[in-house]
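Please read the following note with the sequence and the model open beside it. The points are numbered, and each takes up one part of the chain.

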Amino acid sequence: MTILLSGFEPFDGAATNASWQAVSALRDSWDGGEPLVAVELPCAFADAWPVLRDAIDEHRPRVVVAVGLAGGTSAVRLERVAINVIDARIPDNAGSAPVDVPVVEDGPAAYFSTLPLKPALVAVRDAAVPVAVSSTAGTYVCNATFYDLMRWAEGRDDVRAGFVHVPAVSTPDAPPPGGEFLSLADVVRALRIVVETARADLEQGTATRRIEVSAGAEH
């Protein structure tokens with residue numbers, strides 16, 4: 001089982017992006033047995049999903065967690081729903097700023113995450129990391145990427161996919177400006193738990209299907 005995580009490059013003049021800091025740190029410390037691949041996405045409406053899709057096609061993961069930065073919050077946000085709307089408050093890194101246009105023309109209004117959100121919520125909370133289930137991923141590149149990801153994942157019962165927003169992060173030598181952040185270690189811990197919970201949910205679902213198939217064969 002391959003696990004794929006994505007984070008974003010810096011945007012809006014920032015030097016770093018906490019999503020990529022956390023994803024790359026989890027990749028570098030991963031000891032979970034299965035391969036874990038990390039890919040950095042461009043912060044651009046036209047380019048983010050193609051890069052993520054290329055990574056999916058190459059690695060054929062069964063757990064995909066896209067991660068983005070949510071400034072001004074001090075909790076990890078497990079996103080529930082991606083909506084078919086782009087409404088950019090600022091231009092992306094390619095200078096594009098669409099307003100009130102769909103992510104996918106004639107696509108469904110929304111897609112839901114297939115990550116086990118509530119079990120992940122409980123597990124992250126038990127690890128003493130601030131966390132919440134969120135019902136809006138915004139209308140910027142994060143949401144558009146989330147929407148495209150869940151469009152790809154639709155009908156794939158052997159995949160768990162979704163999106164997580166993380167706050168700005170602090171490291172011992174680089175505290176972020178402002179007052180809303182978590183330590184990099186806490187964010188990495190939360191992402192690890194999300195991945196492990198998704199993996200366990202997928203394995204449990206596979207085992208259940210095997211039991212059902214076996215039972216059906218007996219009849």
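1. To start with the chain as a whole, among contacts between residues at least 6 apart in sequence, 77% join residues at least 24 apart. The model is a predicted one, and its secondary structure comes to 5 helices and 12 strands. Of the 219 residues in the chain, 50% are buried.

2. Strand 4, which covers residues 76-79, is a good place to begin on the pairing of strands, and it has two partners to consider. With strand 9 (residues 131-134) strand 4 pairs in the parallel sense, over 4 bridges, and within this pairing Glu79 stands opposite Ser134. With strand 10 (residues 160-166) strand 4 pairs in the antiparallel sense, over 3 bridges, and here Arg77 is the residue that stands opposite His165.

3. Is Val76, in strand 4, buried or exposed? Its relative accessible area is 1%, and because buried means under 20%, Val76 counts as buried. Once its neighbours within four places in sequence are left aside, Val76 is in contact with Val129, Pro130, Val131, Ala132, Val164, His165, Pro167, Leu182 and Ala190. A further residue to look at is Val124, which is 48 residues from Val76 in sequence, while the C-alpha atoms of the two are 9.0 Å apart in space.

4. Val133 belongs to strand 9, and a reader may compare its surroundings with those of Val76. Val133 and Val76 are 57 residues apart in sequence, yet 8.5 Å separates them in space, C-alpha to C-alpha. Leaving aside the neighbours of Val133 within four places in sequence, its contacts are with Leu78, Arg80, Leu117, Lys118 and Leu121.

5. How does the length of helix 1 compare with what its 12 residues should span? Helix 1 runs over residues 18-29, and at 1.5 Å a residue it should span 16 Å; because its end C-alpha atoms are 16 Å apart, the two values agree. The expected value rests on one less than the number of residues, so the step of 1.5 Å is not taken once for every residue. As for burial, the buried residues of helix 1 are Ala18, Ser19, Trp20, Ala22, Val23, Ser24 and Leu26.

6. Helix 4, made up of the 13 residues 141-153, reaches 18 Å from its first C-alpha to its last, which is close to the 18 Å expected at 1.5 Å a residue. This helix is mostly covered, with 12 of its 13 residues buried; among them are Val141, Cys142, Asn143, Phe146, Tyr147, Asp148 and Trp152. Helix 4 is followed by Gly155, whose phi is positive and near 80°.

7. Arg199, which lies in helix 5 (residues 184-218), deserves a separate look. Its relative accessible area is 14%, and because the limit for a buried residue is under 20%, Arg199 counts as buried. Apart from its neighbours within four places in sequence, Arg199 is in contact with Met1, Ile3, Trp30, Gly32, Glu34 and Val63.

8. The second largest pocket holds about 290 Å³ of space. It is lined by 18 residues, of which Leu69, Arg89, Ala137, Tyr140 and His165 are the closest to its centre. The residues of this lining divide into 9 nonpolar, 6 polar and 3 charged. His165, already mentioned as standing opposite Arg77 in the pairing of strands, is thus also one of the residues closest to the centre of this pocket.

9. Two backbone angles should be checked by eye. Most residues other than glycine have a negative phi. Asp100, in strand 7 (residues 99-101), has a phi near 55°, a positive value in a residue other than glycine. Asp106, in the loop between strand 7 and strand 8 (110-112), likewise has a positive phi, of about 65°, although it is not a glycine. Are these residues buried or exposed? Asp100 has a relative accessibility of 57% and Asp106 a relative accessible area of 75%, and because exposed means over 50%, both count as exposed.

Notes: Residues are numbered from 1 along each chain as its sequence is written. This is a predicted model: local features need pLDDT of at least 70, side-chain atom pairs count only at pLDDT 80 or more; totals for chains, interfaces and linings use all residues. Side-chain values use heavy atoms; hydrogens and water are left out. Helices (H or I, at least four residues) and strands (E, at least two) are DSSP runs, numbered from the N terminus. Buried means under 20% relative accessible area, exposed over 50%, partly exposed in between (1.4 Å probe, protein chains only). Contact means heavy atoms within 4.5 Å. Two strands pair if DSSP finds at least two bridges between them. On a 1 Å grid over the protein atoms alone, a cavity is a set of points where a 1.4 Å probe fits but cannot get out, and a pocket is an open set with protein on both sides within 12 Å along at least five of seven lines; lining residues have an atom within 4 Å of a point. Grid points are joined across faces, edges and corners, and a volume is the space filled by probe spheres set on the points. Ala, Val, Leu, Ile, Met, Phe, Trp, Tyr, Cys and Pro count as nonpolar, Asp, Glu, Lys and Arg as charged, and the others, Gly among them, as polar.
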